[in-house]
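The exercises below are meant for a reader who is meeting this structure for the first time. Each one sets a task and then works through a solution step by step.

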Amino acid sequence: MSGQGGQDAKFFQRGKIQEFRAELEAAESKDKKYTKRKTVLKKIVANITMGNDMSPLFTDVVQCLGTPLLEIKKMVYLFLVCYGRQKADQLHLVIPSFLQDCNDRNPLVRALAIRTMSYIPTPVVIEALTEQLRHCLKDRDPYVRKTAAICVAKLYAADPRKAEKGGFVEMLRDLLLDSNATVVANAVAALSEIGDRQDGVIFKLNLTVANKLLTALERHSDAEMIAERVVAQLNHANSAVVLTAIKILLYLMNYMENRRLMEYICKKMGPPLVTLLSSGPEVQYVALRNILLIIQRRPAVLKNDVKVFFCKYNDPIYVKLAKLEIMYRLAREENAREVLAELQEYASEVDVDFVRKAVRSIGRLAIKVQPAADACIQALLDLIETKVSYVVQEAVIVIKDVFRRYPGKYEGIIPKLCEHLDLLDEPESKAAMVWIIGQFANRIDNADELMDDLTYTFLEEPNEVQLALLTAAVKLFIYKPHSDTTKALVHKVLKWTTEEVDNPDLRDRGFMYWRMLAINPTVAGEIVLAEKPPITTDADRMDRGALDQLLLHTGTLGSIYHKNPETFIRGATGKALTDSPALNPLSRQVLVPVARTNLPPTTIKIPGPGPPEPTKSDPTSQHLVDTDFPVPSGQNGAASSAAVDLMTTGSSSRSSPEDGDEDDDAVPQASASDPYAALDSAFGGYLADEPRPQNRDLLDMI
Amino acid sequence: MISGFFIFNQKGEVLISRLYRTDLKRSIADVFRIQVVSNSDVRSPIITLGSTSFFHVRINNLYIVAVTKCNANAALVFEFCYRFISIAKSYFGKVDEEAVKNNFVLIYELIDEIIDFGYPQNSEADTLKTYITTESVVSTSIAAEESSKITTQATGSTSWRRGDVKYKKNEAFVDVVETVNLSMSAKGTILRADVDGHILMRAYLSGTPECKFGLNDKLVIDKNERGAGGDAVELDDCRFHQCVRLDEFDSTRTISFIPPDGEFELMRYRSTSNIKLPLRIIPTVNEIGTTQVTYVITVKTNFNNKLSATNVIVRIPTPLNTTSVDCKVPLGKAKYVPAENVVVWKIPRIQGGQEVTFSGTAKLTSTTHRQVWARPPIDVDFQVLMFTASGLIVRFLKVFEKSNYHSVKWVRYLTKASGTYQVRITVSEKIAP
C-alpha cells in the first residue's frame with residue numbers, strides 16, 4: 001500500500017469496464033513488481049465505492065489471485081465480497097485459491113480466507129467453507145479461532161439448518177471454554193446472535209456461562225456476589241462497557257435483598273454516568289436517554305446532581321432536549337429555584353423547539369413542585385410579555401393545566417392571558433385558551449364577546465378547537481342562561497355542530513349537549529360544570545414493569561427510543577426478567593412470559609461443553625464464572641453486552657407495575673409530594689424529548 | 001450488530017462503503033444522503049427508519065456512518081466510530097476528505113480487520129500497525145512464526161503491547177491535561193464548574209514493564225468515602241485505559257498496569273470540588289437606547305505570578321444588527337468579527353495576579369422589527385502551563401522490569417479551556433444620554 005499519507009485520491013475517477021479490462025490484460029506481462037495490477041485494482045475498488053457496477057470484470061479480477069502480494073489478494077477478496085453473490089455461477093473459479101489459503105502456514109492468511117468466504121453466502125462457497133471451518137475452529141492459533149467463531153454466526157445466518165446439522169453450534173459452545181479471552185468473547189457474541197434470532201436455537205445449555213449465571217442466581221447472595229465483581233467495570237474507559245456494566249447491575253438488583261449493597265451500587269452508578277457526559281456528543285446523547293430511564297427506576301441515582309444536566313450554550317440540540325427532560329425529572333423543592341432560573345435562560349434562546357419545551361417545562365415544574373408554583377407562574381407571565389407568538393402559545397397551554405392543578409389560586413391572571421388572544425394561531429393553544437374562557441366564564445366579564453369573536457370562524461377551525469368551542473359555549477350558557485347573546489351563541493354553535501360538521505365526535509357531542517339542555521338545564525349545568533377531578537398524574541413515571549423491561553436494553557436503540565425493540569425492529573426478540581427463587585417476590589406476582597413467535601418445529605437441546613454434567617459444582621464451569629467470565633475483560637464492549645443478552649433472553653417473564661416492592665423509588669415521589677405523577681393525561685403524553693423510530697418503508701425513499 | 005459502514009463527504013458522495021451483512025444493499029447510502037446529508041435540520045445522531053438505524057459522527061465535514069438492522073448497542077456503535085477516527089488519525093495524521101481518498105485501500109483493509117460481521121474486533125492502533133502496514137507485503141515473505149507472534153498479540157491478554165519492544169534510553173512522559181468547564185451567571189454565581197482531566201502517557205520503555213502510578217497523598221477518589229480533610233483533592237469519578245487492572249484499583253486504590261508502547265490515555269477523571277478557576281471574568285453590558293451597547297469586561301488571573309495564561313481568546317457576543325465596534329484594550333488585540341457576531345479579543349500572554357479590562361461600544365443599525373438577540377455567553381479559551389485546576393499532582397511513577405533498567409520520567413501539567421468556559425451576560429437598559 002502506498003506510504004504514509006497515501007496518494008490514492010487520483011484513482012477516484014469513474015472508469016469504463018473495457019478500459020480496466022484492457023489494463024488488466026496489459027498488466028499480465030512486464031509487471032515485475034505488480035505495480036500495474038495494483039493500480040488497476042485500486043481504480044476498480046474506487047469505482048465500486050462510487051457505486052459503479054464492476055461485476056462484469058469478475059473473471060479478469062479473479063485472475064489476479066495468483067499474485068503473491070497480500071495487498072492484491074485483499075483487494076480481490078473485497079471485490080469478491082461485493083459481487084460474489086451476483087456471480088454465483090462463476091465462484092467455482094476461486095474455490096481452489098480459497099482452499100489453498102485456508103491451509104496456508106500464515107495464520108493471518110488462514111483467517112483472511114475463512115473470513116472472506118463466510119462473507120459470500122452462496123451454496124458453492126458454503127460447501128467448501130464448512131469443511132475448512134471445522135478445522136479452523138480447532139486451529140492452534142487463537143486469531144484463527146476467534147475469526148472462525150464469528151464465521152459460525154455468518155454460516156448460521158446463511159443456512160441455519162446446515163449449521164445445526166454440521167454441529168457448529170456445539171463447537172462454538174466448546175469455544176466458551178477456550179483459554180484465550182478474545183476467542184471466548186467472539187464465541188459469546190456469535191452464540192448470542194444465534195440465540196437472538198426468533199427461529200434460532202433456544203439455549204438450554206446446562207453448563208454454559210449463560211445457564212451457569214442463571215442457576216447462579218438461585219440465591220440473593222449470588223446476585224450480590226456477581227454485582228460486586230461487575231462494579232469494578234464502571235471505571236472502564238469504554239462507554240459501552242460502562243453502560244453494559246450498569247445494565248447488569250440494574251438487572252441483578254432485582255435479585256438482591258441486601259439493601260445496603262443496593263444503596264452502595266446506586267451511589268456507585270452516578271459518577272460514571274456523569275462522566276459519560278464529557279464524551280463526544282453522540283455518546284452523551286445515548287447516556288442521557290438512558291439516565292432518564294435509570295432515574296425513574298432508581299431515583300437514588302443522581303438525586304443531587306441536577307446541575308450537571310444544565311445545558312451548555314453550544315451543546316447540540318439533541319443533547320439539550322434530553323437534558324431538559326432530565327432536569328424536570330430531578331427537580332425537587334430544594335433545587336426548584338436553580339432549575340427555574342435555568343429554564344428561564346433557555347426560554348430566550350434561538351431554537352424554537354427548544355424554547356417551546358423550556359417554556360412547557362416551566363409549567364410542568366409549577367405543577368410538580370408546589371412551593372415553586374408562584375415563581376413559575378411569574379416566570380410564565382414575564383414570558384407572555386415578550387409577545388413572541390410561540391412562547392405565548394406554549395405558556396397558555398401549560399397555564400391551563402396549572403389552573404386545574406391549583407383551582408382558585410391563579411385565576412387572577414386570566415385578563416393577562418386574554419390580552420394576547422390574537423397571538424394564538426395553533427390549535428392546541430387556541431383550544432387551551434377556549435377551555436379557560438369557558439371554564440371561568442363567570443369571572444370574565446366580556447366572556448360572551450370573546451366567545452362571539454372566537455366562534456366567528458367556527459367552521460374553519462380544526463376539530464380540536466371546535467370541540468373546545470362547543471363545550472365552552474355550553475358552559476357560558478349555563479353560567480349566564482338569561483343573556484340573549486349567550487343563548488344565540490349556544491344555539492348557533494349547536495346548530496353548526498349537528499348540521500354542518502362531518503366529524504362524528506363533534507356531532508355526537510353536539511347532540512348530547514342539546515338534549516341535556518332541552519331536557520333539564522339545571523341538571524345539565526351540574527353535569528357540565530361538575531367539579532373536575534384533580535389531574536392525578538401517577539403515570540408521569542413509566543410503570544415499573546415497563547421500566548424493568550426497558551432497562552434490560554440499557555445502551556441499545558431501545559433505550560434511546562424508550563421502546564421495546566420487538567415493537568419497532570423486525571425480527572427482534574423481547575426480553576424480560578427471568579424468574580428464579582431469588583427474584584423479588586413482589587415482582588414475581590405479576591410475571592408475564594415473553595412470547596417467542598416463529599419457533600422452529602422442534603427446539604434443539606444441546607448438552608453443555610466438557611464432560612457430561614455430573615453435579616452443579618462442575619469444576620470447568622466454576623472456573624468460568626469465577627475467573628474467566630468474558631464480560632469485563634473484553635476490550636470491545638460487544639462481548640459484555642452479548643453476555644448479558646444470553647442471561648436475559650429465552651425462557652423469561654416480565655414483572656409489572658404494582659409490585660411497589662422494597663424499592664427506594666416507590667417511596668419518594670409517587671404519592672403525597674407529587675400527586676401529579678400521571679401527567680400523561682394532562683399533557684397528552686408530552687415529553688421534552690421524544691425521538692421516534694419512523695415507520696416508513698425505506699424503499700419508498702430511495 | 002453493525003450491518004454496514006460508510007464514509008460520506010459533505011456533498012453526500014460515498015468515499016467508503018462496506019457491507020458486513022446481506023440484510024443491506026449498497027443503495028442504503030442514498031437513504032442516508034437524503035435523510036441526513038441534504039437535510040439542513042438534523043436533530044439526532046441516530047435516525048431509525050423502519051428497522052434500519054443510521055448512526056453518524058461528523059468530523060471535518062465527513063460523516064462516519066454505521067448502519068444497523070437490529071437493536072444495536074448504541075454506545076458501542078458510537079465508541080466504534082470514535083475509535084475508527086482515532087485509528088485513522090494514528091495512521092495518516094488527519095481525518096478529512098483528502099486523507100480518506102488518499103488512503104481508501106488502506107481503510108478498506110482496516111475496516112475489514114476491526115469489524116467482523118458487525119462485531120468490533122481488536123482496534124488497538126499499535127497492534128494493527130504490526131500487520132496492516134502501509135508497506136507492500138509479499139505474503140510468502142512473512143515468516144509464519146512472525147505472524148504467529150502478531151496473532152498472539154492481537155488476541156492476547158495484553159493485546160495492546162508487543163513483547164519485543166527495545167529502547168536505548170527508557171523514558172516515560174506524563175501529561176496531565178485538564179479542561180475546565182465553567183458556566184457562570186451574569187451575577188457571578190457559579191452555576192457549574194468542573195474539570196475533565198486526562199492523564200496522557202508516552203511510554204518508551206523496553207520489555208514488559210510493570211508500572212505503578214501515584215497521585216496526591218490526600219486524594220479522595222470516591223466522594224462517598226470522605227475523611228481526608230477539606231483541602232483534599234476530590235475526584236468524582238475516574239476511568240482507566242484497559243491496561244489498568246480495575247479489580248486491583250477497586251480493592252486497594254493502586255493504579256498498576258503494563259502500558260502500551262507509545263502514546264495512550266492512561267486515565268480520565270472528573271472533579272467538581274475545590275476547583276481553582278484560573279481566570280475570572282467580570283462583565284458589564286449596557287444597552288443605551290436602541291443604537292448602542294457598551295461593554296466593560298475585566299479579566300483577572302487567579303494564580304501564582306510565576307505562571308502565566310497563554311493564547312487567551314475572549315469572545316464577546318454582539319447584537320445581530322451591529323455595524324461596528326470601537327474596542328479599547330490595554331493588552332492584546334480586539335477585533336469585531338461580523339460573520340460570527342462577536343468581538344474576538346486575543347491576548348498572547350497574561351501573568352498570574354494581573355487584571356486587564358476591555359472597553360468597547362457597539363453601534364447598532366436601527367431595524368424595523370426587533371430581532372431577538374439570544375445574548376449568548378462570553379466565552380474564554382486559554383491555556384495555563386504547570387497548573388491544575390483540580391489540584392491534582394502526580395507523586396510517583398514506578399517502573400519495574402525484569403532487566404531492572406533505569407528509566408527517566410517527565411511530568412507536565414496543563415489546564416485549558418476551549419469553548420466551555422462561559423460567563424452569561426445580562427444587558428441592562430439605559431436611556432440614551
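**Exercise 1. Describe the largest cavity of this predicted model: state its volume, and say which residues and elements line it.**

Solution. Begin with the volume: the largest cavity holds about 210 Å³ of space, and the count of cavities of 30 Å³ or more comes to 11.

Turn next to the walls, where 19 residues form the lining, and those nearest the centre of the cavity are A:C311, A:Y313, B:P377, B:Q422 and B:R424. Two elements give two or more residues each to this lining, namely α18 (336-346) of chain A and β8 (170-184) of chain B. Of the elements, β8(B) gives the most, with 3 residues.

Then sort the lining by class, which yields 8 nonpolar, 5 polar and 6 charged residues.

Finally, place the cavity among the domains of chain B: domain 2 (171-275 + 387-417) and domain 3 (279-386) each supply at least three residues to the lining.

**Exercise 2. Work out how chain A and chain B are divided into domains, and how far apart the domain centres lie.**

Solution. Take chain A to start with, which is divided into domain 1 (4-203) and domain 2 (545-589); taken over C-alpha atoms, the centres of these two domains of chain A are separated by 37 Å.

Chain B is divided into domain 1 (4-129), domain 2 (171-275 + 387-417) and domain 3 (279-386), and the C-alpha centres of domain 1 and domain 2 of chain B lie 32 Å apart.

**Exercise 3. Characterise the interface of chain A and chain B by its contacts, its buried area and its salt bridges.**

Solution. Count the contacts as a first step: 117 residues of chain A are in contact with 109 residues of chain B.

The second step concerns area, since the size of an interface is often given as the accessible area lost when the parts come together. Here the two chains bury about 9700 Å² between them, with 53% of it on carbon and sulfur atoms.

The third step looks at charge pairs, of which the rule finds 9 salt bridges across the interface of chain A and chain B. B:R43 forms a salt bridge with A:D353, and their closest N and O atoms are 3.6 Å apart.

**Exercise 4. How many salt bridges does a search of the whole structure find, and where do A:K495 and A:E499 lie?**

Solution. The search finds 51 salt bridges over all chains.

A:K495 and A:E499 form a salt bridge, with their closest N and O atoms 3.4 Å apart. Both residues lie in helix α26 (residues 484-500) of chain A, where they are 4 residues apart, about one turn of the helix.

Conventions: Residues are numbered from 1 along each chain as its sequence is written. Chains are lettered from A and ligands numbered from 1 in the order in which they are written. This is a predicted model: local features need pLDDT of at least 70, side-chain atom pairs count only at pLDDT 80 or more; totals for chains, interfaces and linings use all residues. Side-chain values use heavy atoms; hydrogens and water are left out. On a 1 Å grid over the protein atoms alone, a cavity is a set of points where a 1.4 Å probe fits but cannot get out, and a pocket is an open set with protein on both sides within 12 Å along at least five of seven lines; lining residues have an atom within 4 Å of a point. Grid points are joined across faces, edges and corners, and a volume is the space filled by probe spheres set on the points. Ala, Val, Leu, Ile, Met, Phe, Trp, Tyr, Cys and Pro count as nonpolar, Asp, Glu, Lys and Arg as charged, and the others, Gly among them, as polar. Domain bounds come from an automatic or database domain assignment. Contact means heavy atoms within 4.5 Å. Buried area is the accessible area (1.4 Å probe) that two parts lose on being put together, summed over both. A salt bridge is a side-chain nitrogen of Lys or Arg within 4 Å of a carboxyl oxygen of Asp or Glu.
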